[in-house]
Amino acid sequence: MKREQSTGATLTPELIVTTALRLADAEGDPNKITIRRIAAELGVGPMSLYTYFRNKDTILDGMADHALGRMKFEESPDAGPAAAIRSLASALLSTMQEHPSIARLFAARQTDSQGALHGSMEIPLRRLVDAGIPGPLAVKCYGFLITFAIGFSSYQAPRPWGLSEAGAEAQEMRRQRQHLYAGLPKTEFPLVVELAEEIVDIPSARLFNYGVEALIASVLQELQHAESRN
C-alpha cells in the first residue's frame, strides 16, 4: 500500500520507519518522537501514518525490525565458535552505535514483533549454533553479548572519545577527562589518579573486545570439557 506525500514522494511503511529511526537517533531517545512529529517530517497528516501502523508502538517495532534485520556479520559461522562470537559482538555493537535509539528501545521495552525477534534473536542464535555452539550455551552467549552491547553502547554514547574514529574534538575531550582524573586529590582518589590513563579508556573498543574475549575463553573451555567427557 502506497500513498503520495504532499512533497510528491511515495509514502510507504519503510519510509515511515526510516524517518522515525532517523528522528529517534538524532534525539537519542525513541520516546521523544511522536506520530505528529514523524508525519510533519514526512509532510503528511498524522492520520496518514495510521494507514500503515496501528500506533507508535508498532512503529517502534518497525524501527527495531529495520535496524536489526540489517546487521552485518564479519565472519561466516564456518569460521568456528570464536569467530562467530566476535562477529556477532561486532554486529550488535555496530548496530547500537549507528542507531543509538535501538539500544534505548531494548533497554526500555520488549517487543512481540516477529520481524524484530527474528533479526535480534533467531538469526544470531542460528549463527552461534551453526558455528558449533550447543543451543543452551548459544543462548548464554547471545544473552551476554546483547546485554553487553546495549550497556556498553549506552555508556559510550556520552563519551565519544572512546570511538575508534573519534575526531580531534573527541580526542580533546579524552585529554581533558584524563586530566580531570589525574588531578583529583590523591589522598582520596589514589587509584583513580594512578590509573587515569586506563580509566579514560573504558568506553573504547579495547574494553569491549576484552569482555568479548573473556566470553570466548570461557566458551571454548566449556566446549573442551564437554568434548573430553564424551
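These legends go with close-up views of salt bridges in a predicted model.

**View 1. Glu213 and Arg86 pair up across the chain.**
Look for the closest N and O atoms of this salt bridge, which lie 2.6 Å apart. The two partners come from distant parts of the chain: Glu213 belongs to helix 12 (residues 205-229), Arg86 belongs to helix 5 (residues 81-98), and 127 residues separate them. Glu213 is partly exposed, at a relative accessible area of 35%, and Arg86 is partly exposed too, at 37%.

**View 2. Asp130 and Arg126 form a salt bridge within helix 7.**
Here the closest N and O atoms are 3.0 Å apart. Both residues sit in helix 7 (residues 114-130), and because they are four residues apart there, about one helical turn separates them. Asp130 is partly exposed, with a relative accessible area of 43%; for Arg126, also partly exposed, the value is 44%.

**View 3. Asp201 meets Arg206 in a salt bridge.**
In this pair, the closest N and O atoms are 2.7 Å apart. Which partner is buried, and which is exposed? Asp201 is buried, because its relative accessible area of 16% falls under the 20% cut-off. Arg206 is exposed, because its relative accessible area of 57% is over 50%. There is a third member to find as well: salt bridges with shared partners join Arg174, Asp201 and Arg206 into one network.

**The wider picture: eight salt bridges are counted in the model.**
The pairs shown above include Glu213 with Arg86, Asp130 with Arg126 and Asp201 with Arg206. As a reminder, side chains of opposite charge can pair when their charged atoms come close.

Definitions and conventions:
Residues numbered from 1 in each chain as written. Predicted model: local features only at pLDDT ≥ 70, side-chain atom pairs only at ≥ 80, totals over all residues. Heavy atoms only, no water. Salt bridge = Lys/Arg side-chain N within 4 Å of Asp/Glu carboxyl O. Helix = DSSP H or I, 4+ residues; strand = E, 2+ residues; numbered from the N terminus. Buried < 20%, exposed > 50% of the residue type's maximum accessible area, 1.4 Å probe, protein only.
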